[in-house]
Amino acid sequence: MSGYQCACVCVCVCLSVCLSLSLSLPLPLNFCFSLPSPSPCLSVSESFLPVPSPPYPCPSLPCSFPSFRLCLTAHHHCLFLHPQDSPPCTPSDHRMLELSLSWLGFGPVATSPWLLLLVVGTSWLLAHVLAWTYTSYNNSRRLRCFPQPPKRNWFLGHLGLVPPTEQGLSKVTQLVTNYPQGYLMWMGPIIPLVIFCHPDLIRTFASASAAITPKNVIFYNFLKPWLGDGLLLSAGDKWSSHRRLLTPAFHFNILKPYMKIFTKSADIMHAKWQRLITEGHTHLDMFEHISLMTLDSLQKCVFSYDSNCQEKPSDYIAAILELSALVAKRYQQLFLHMDFLYYLTPDGRRFRRACRLVHDFTGAVIQERRCTLPKEDIGDFLKAKEKTKTLDFIDVLLLTKDEDGKGLSDEDIRAEADTFMFEGHDTTASGLSWVLYNLAKHPEYQERCRQEVQELLKDRESKEIEWDDLAQLPFLTMCIKESLRLHPPVTVISRRCTQDIMLPDGRVIPKGVICLISIFGTHHNPSVWPDPEVYDPLRFEPENIKGRSPLAFIPFSAGPRNCIGQAFAMTEMKVVLALTLLRFRVLPDEEEPRRKPELILRAEGGLWLRMELLSTGQQ
Ligand code: HEM
C-alpha cells in the first residue's frame, strides 16, 4: 500500500468508528483508554457491553505502546489500555473506571464478529473510495495535457458519444480530424480513456513489452468462458511461453499446404453462388457466405475435419456462430455485463450450452489425436503425414515442446484451438467481404485485379493458386491492403498502463490508465493518409510507401501482441479473392451499407452485393 492509501485507511478507520458511534452501531472492539490513576478511564465499553461489565479479571496482555498495557477480556472481546506499571485490573476496577455513555442513549448491544466484519468492510470500502477518488483526481490533473472533445455532461462524460454504429464511426473520423495525435475521453465522471490515432504515439505501445502494457481485459472478458487462457486472452509468463511455442505453427512450411484447403473451401462457396445465381438469387450477403467459408477452411486447418458446413448445417459451426453473435449482443446490454445476471437469462444459458458443445468437440478431437501420435520418431511421423495429408494445427500443438521438453496440456491445446477458430474466422470474413465491396464500388480496380489473375493462370490447366503465385499478385495484394485500411476488421484494441508511460513528446500517461489504440482512427487520420475516405490501392505501391511510418497501417496491430495469424489470413484472402474475381463480377447493391463495429467491423443487416457469373470465355 502506498503512503496515501495508508493514510486513507487510517482516516477511514477513524471515520467508521465515529460513524459507528453516531449511528449507535455497536463497536466490536471497545477501547478503554485508561488514564494514569486516579483519572477515570475514558471508555465506551459499557454502553456496548451485553452484560453490565466484564466478569473476569483482565488477562493483562502487554500492549505495543511503551507506557500502556492492552487488556483483552476474552468473554467480551473488550480491549483496555492501562499504564504499564499499574497493577493488574480487576472487574470492579473496570466497573469503577469505565465511563458510561448510556446517558447518550446507547443501549447495550451485543458485539459479534459480524460487526467487526462490518466495520472492517466499511473501512476497506471507504479506503478504496478515497484512494480511488484521489487517484482519479490526480489522473485527471495529469491528463489535462491531452485535448478532449466537449463532454455530453459532467456525469456521462463522453459516454455514448461514439456508439458502435455508422454515426459512431463518422464521429471517430471527425474527432481524428480535430485531434490528429489522439484525445482524451471520459467514461462517466471518473474513468479516463486515452485514444491514440497517430503512428508517432502508437510507437510507444508497439515497442513496450507486453507486461508493461497488457491487454485491458474488460474488452475481452466475455470471451473467457469460451476461449479460456488461449493466446488472445492469456497474460504474463503463460502468454509469452505460449506465443514462443505457437509461432512455428504459423511458419510458411505449415501454411503452404493450407493453400489447397483455401481453394477447396472457395470452390464450395462458388459452386453455391453459381447455383443461387442460376436460380435468380443475385443479391448475396457476403458476411453470411464468407463466414461459413472461413469457418469451413479453419475447421479443416485446425482439426482436419470436414463438416461440410457450407452445404449442410453443422452443430459445431452453428455453436461458434451463436457464440460470436451472443458476445457481440452482450456488449450492448450494460446490465448483462455482470456474469451472475447474464447466466440467468436465456442468452446466458444458450451461451453456456454453446460453450459446452464447442469444448466437447475440441476435447474429443484432442483425445483421439493424442492416441494416434507416436511417442518417438516424430520426424518420421511428420514426413509421413506431410505426404498423405496436411499437418493440422492440433498436430502442431500436440507436438510442440519448449526447451525443457515440456509440451502443452490438453486444456491449453483446447484453448488455443478454440482461439484460432474464433480469431481466424470472423476477422478474415470481414476483411474479404469489405474488399469485395470496395472492388464492387471501383470496377476499374476490380478489372485490373482480374486481369492480373488471368495473366498469372493463362497457360495453366488447373486454375489453382500456388504458394509461389502469391508474390505474383501485387495489385490484388494492394487492393486487399487498401481495403484493410479503409475497413479494418478490428477497429480498436485496448491496453492498460501498469506504470507511468512517457510519450515521445514528453507527456505522461499515468499508471493504471486505459489506452485505446484506434486502428480505424489511425487509418482515417488525414494527417497520416491524405483523403482518407478515398479507396486508392496505389497508396501501397512501393514508391508511395517510402517515408510512411510502418505504424500508419496496423490492421493486424503491432508490437509483441500483434496478430499471430496474419500470414494465414493474408494467404487465405489472396487465394479466395483471386478465385472469386476469376469466376464472378461483383457489383454494388442499390443501398449503401451502414458500417457496424462490433467485435469486428460488420455491416448493419449484412453486406449485400450483386454477383454476376462470368462466362468461361471471360474467365
Ligand atoms: C484479416 C484477418 C485478421 C485480422 C484483421 C486480425 C487482427 C488481429 C488483431 C488487431 C489482433 C490484436 C488484438 C489485440 O491486441 O487485442 C489479433 C490478435 C490475434 N489474432 Fe488475429 N487477425 C486476423 C486473422 C487471424 C487468424 C486467421 C488467426 C488464426 C488462425 C488469428 C489469431 C490471432 C491470435 C491468436 C491473436 C492473439 C495474439 C496474441 O495476443 O499474442 N488472427 N488479430
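Helix H17 gives five residues to the shell around the ligand, the largest share of any element. I start there, and I should say at once that this is a predicted model.

The shell has 27 residues in total, and the ones that come nearest to the ligand are Tyr-220, Trp-239, Arg-243, Arg-495 and Cys-563. By class, 15 of the shell residues are nonpolar, seven are polar and five are charged.

Which side chains place a polar atom by an oxygen atom of the ligand? Tyr-220 is one of them, with a polar side-chain atom 2.7 Å from a ligand oxygen. Arg-495 has a polar side-chain atom 2.9 Å from an oxygen atom of the ligand. For Arg-561, an N or O atom of the side chain is 3.0 Å from a ligand oxygen. As for the elements behind the shell, those that supply two or more residues are helix H8, residues 236-246, helix H17, residues 410-441, strand E9, residues 492-496, and helix H22, residues 566-583.

Next, the salt bridges. The search over the whole structure finds 31. One of them joins Lys-441 to Glu-592, with 2.7 Å between the closest N and O atoms. This pair links distant parts of the chain, 151 residues apart. Lys-441 belongs to helix H17, while Glu-592 is in the loop between strand E13, residues 584-588, and strand E14, residues 595-597. Are these two residues buried, exposed or in between? Lys-441 counts as partly exposed because its relative accessibility is 37%, and Glu-592 counts as partly exposed because its value is 43%.

Another salt bridge is formed by Arg-507 and Asp-505, whose closest N and O atoms are 2.9 Å apart. Here the partners fall in two classes: Arg-507 is buried, with a relative accessible area of 16%, and Asp-505 is partly exposed at 44%.

Then there is Glu-604 with Arg-594, a side-chain salt bridge at 3.7 Å, N to O. Glu-604 is in the loop between strand E15, residues 601-603, and strand E16, residues 608-613, and Arg-594 is in the loop between E13 and E14, so the bridge ties together parts 10 residues apart in sequence. Glu-604 is partly exposed at 36% relative accessibility, and Arg-594 is partly exposed at 38%.

There is also a network of salt bridges, which links Lys-224, Asp-229, Lys-238 and Asp-412.

Now the backbone. Which residues other than glycine have a positive phi? Asn-308 is one, with phi near 55°. Asn-308 is in the loop between helix H11, residues 286-303, and helix H12, residues 315-331. With 31% relative accessibility, Asn-308 counts as partly exposed. Ser-557 also has a positive phi, about 65°, and is not a glycine. Ser-557 is in the loop between helix H21, residues 542-545, and H22. Ser-557 is buried, its relative accessible area being 16%.

Last, the surface. Trp-124, Leu-125 and Val-129 make a nonpolar patch there, and together they have about 330 Å² of accessible area. Val-129 is in helix H4, residues 113-142. Val-129 counts as partly exposed because its relative accessibility is 44%.

To go back to the ligand for a moment: H17 gives five residues to the shell, and Lys-441 of the same helix, H17, is linked to Glu-592. That is what I have for today.

Terms used. Residues numbered from 1 in each chain as written. Predicted model: local features only at pLDDT ≥ 70, side-chain atom pairs only at ≥ 80, totals over all residues. Heavy atoms only, no water. Near = heavy atom within 4 Å. Polar contact = N/O pair within 3.5 Å; in protein donor to acceptor, adjacent residues only side chain to side chain. Helix = DSSP H or I, 4+ residues; strand = E, 2+ residues; numbered from the N terminus. Nonpolar A, V, L, I, M, F, W, Y, C, P; charged D, E, K, R; others polar. Patch = residues over 30% accessible without salt bridge, like charges linked within 9 Å, V, L, I, M, F, W, Y side chains within 5 Å. Areas by Shrake-Rupley, 256 points an atom, 1.4 Å probe, with all protein chains shown as cover. Salt bridge = Lys/Arg side-chain N within 4 Å of Asp/Glu carboxyl O. Buried < 20%, exposed > 50% of the residue type's maximum accessible area, 1.4 Å probe, protein only.
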